[in-house]
Amino acid sequence: MYSSIKQICDELINSFDAIPEQRKSLLLKISKYIQSKKEANLPIELVYVCTHNSRRSHFGQVWAAVAASYYGIDNVKTYSGGTEATAFNINAINALKRMGFVIENDNKETNPVYTVQFGVNESTECFSKVYNSEANPKEHFAAIMTCSDAEENCPFIPGVELRIGTTYDDPKAFDNTPFQDAKYEERSRQIAQEALFVFSNIQ
């Protein structure tokens, strides 16, 4: 894992006390799901879902992959999707770059595929897609809803074993304002902190 990203993780694991108890109870349901899969020696597949699959769901996909690596939990695959496909938002991409991720894309004009690298031979592939895209698992997975819109507009997700809503405020509200970069990094760090908390509880 790149040292800059490991340093962020080292800082965030010392701030778990800042997560409200009610929120921790919700996050522990994801931990329990992951633990059960690990004990059964089954693949752990997590799909982060948000309406446009452009910001928060990609943060979820990326930071869950980082958290699994940080805690040495094997057999974890992370994905994201939306109720519609748009593109991985440039402000979210730039926030991750500032935090130390190395991000490259395939240069497609619309909806490029991004390789988000967080260590030597450690990466996840991000592009915007609907939650039931061929690129995502069809069964035996957890769906983690990162926005209230997706939670309300995805009444049924086929093949899901755990569906849980851990919604986050949308940094899009601060696009093209003086607070844009700070708010994207704030949301990225919040999602990172909660992903780390989830994986910290895996034995």
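The legends below describe close-up views of a predicted model.

**View 1. The parallel sheet with strand order 2-1-6-7.** Four strands make up this open sheet, in which the pairing is parallel. Strand 2 and strand 7 (residues 160-165) are the edge strands, each of them pairing on one side only, and the twist from one strand to the next averages 20°. Strand 1 (residues 44-49) and strand 2 (residues 76-81) run parallel and are joined by 6 bridges, with tyrosine 48 having serine 80 of strand 2 as its bridge partner. Although strand 2 stands at an edge of the sheet, it is mostly covered, since 5 of its 6 residues are buried. Towards the other edge, strand 6 (residues 141-145) is joined to strand 7 by 5 bridges, again with the two strands running parallel, and alanine 142 stands opposite leucine 162 of strand 7.

**View 2. Helices 2 and 3 lying across strands of the parallel sheet.** Helix 2 (residues 21-39) lies across strand 1, strand 6 and strand 7, and runs at about 160° to strand 7. Helix 3 (residues 56-70) lies across strand 1 and strand 2, and its direction makes an angle of about 175° with strand 2. Strand 1 is thus named in both arrangements, being crossed by helix 2 and by helix 3.

**View 3. The packing of helix 2 against helix 6 (residues 180-200).** The axes of these two helices are 8 Å apart and meet at an angle of about 55°, so the helices count as oblique to each other. Helix 2 passes helix 6 in a right-handed crossing. On the side of helix 2 the contact involves Arg23, Lys24, Leu27, Leu28, Ile30, Ser31 and Ile34, which meet Glu194, Phe197, Val198 and Phe199 of helix 6. By class, this contact comprises 7 nonpolar, 1 polar and 3 charged residues.

**View 4. The surroundings of serine 31 in helix 2.** Is this residue of helix 2, serine 31, buried or exposed? Serine 31 has a relative accessible area of 4%, and because buried means under 20%, it is classed as buried. When its neighbours within four places in sequence are left aside, serine 31 is in contact with Phe197, Val198, Asn201 and Ile202. Of these residues, Phe197 and Val198 also appear among the helix 6 residues that meet helix 2.

**View 5. The packing of helix 3 against helix 6.** Here the axes are again 8 Å apart, and the angle between them is about 40°, so that helix 3 and helix 6 are oblique to each other. Their crossing is right-handed. Helix 3 contributes Arg56, Phe59, Gly60, Trp63, Ala64, Ala67, Ala68 and Tyr70, while helix 6 contributes Tyr184, Arg187, Ser188, Ile191, Ala192, Ala195, Leu196 and Phe199. The residues of this contact are 12 nonpolar, 2 polar and 2 charged.

**View 6. The packing of helix 4 (residues 90-98) against helix 6.** The two helices pack at an angle of about 70°, with their axes 9 Å apart, and helix 4 is therefore roughly perpendicular to helix 6. Asn91, Ala92, Ala95, Leu96 and Arg98 of helix 4 make the contact with Gln180, Asp181, Tyr184, Glu185 and Ser188 of helix 6. Divided by class, these residues are 4 nonpolar, 3 polar and 3 charged. Tyr184 and Ser188, which belong to this contact, are also among the helix 6 residues that meet helix 3.

**View 7. The antiparallel sheet with strand order 3-4-5 and the loop at valine 120.** Three strands form this open sheet, and their pairing is antiparallel. Strand 3 (102-105) and strand 5 (122-126) stand at the edges with a single partner strand each, so one side of each has no neighbour in the sheet. From one strand to the next, the twist averages 20°. Strand 4 (residues 114-119) runs antiparallel to strand 5 and is joined to it by 5 bridges, and cysteine 126 in strand 5 is the bridge partner of tyrosine 114. Valine 120 lies in the loop between strand 4 and strand 5 and, at 65% relative accessibility, counts as exposed. Its C-alpha atom is separated by 16 Å from that of leucine 96, which is 24 residues away along the chain; Leu96 is one of the helix 4 residues in the contact with helix 6.

Notes:
Residues are numbered from 1 along each chain as its sequence is written. This is a predicted model: local features need pLDDT of at least 70, side-chain atom pairs count only at pLDDT 80 or more; totals for chains, interfaces and linings use all residues. Side-chain values use heavy atoms; hydrogens and water are left out. Buried means under 20% relative accessible area, exposed over 50%, partly exposed in between (1.4 Å probe, protein chains only). Contact means heavy atoms within 4.5 Å. Axes are lines fitted to C-alpha atoms, for helices over the stretch in contact, and angles run from 0 to 180 degrees between N-to-C directions. Angles under 35 degrees count as roughly parallel, over 145 as roughly antiparallel, 65 to 115 as roughly perpendicular and the rest as oblique. A crossing is left-handed if the near helix is turned anticlockwise from the far one by less than a right angle, and right-handed if clockwise. Ala, Val, Leu, Ile, Met, Phe, Trp, Tyr, Cys and Pro count as nonpolar, Asp, Glu, Lys and Arg as charged, and the others, Gly among them, as polar. Two strands pair if DSSP finds at least two bridges between them.
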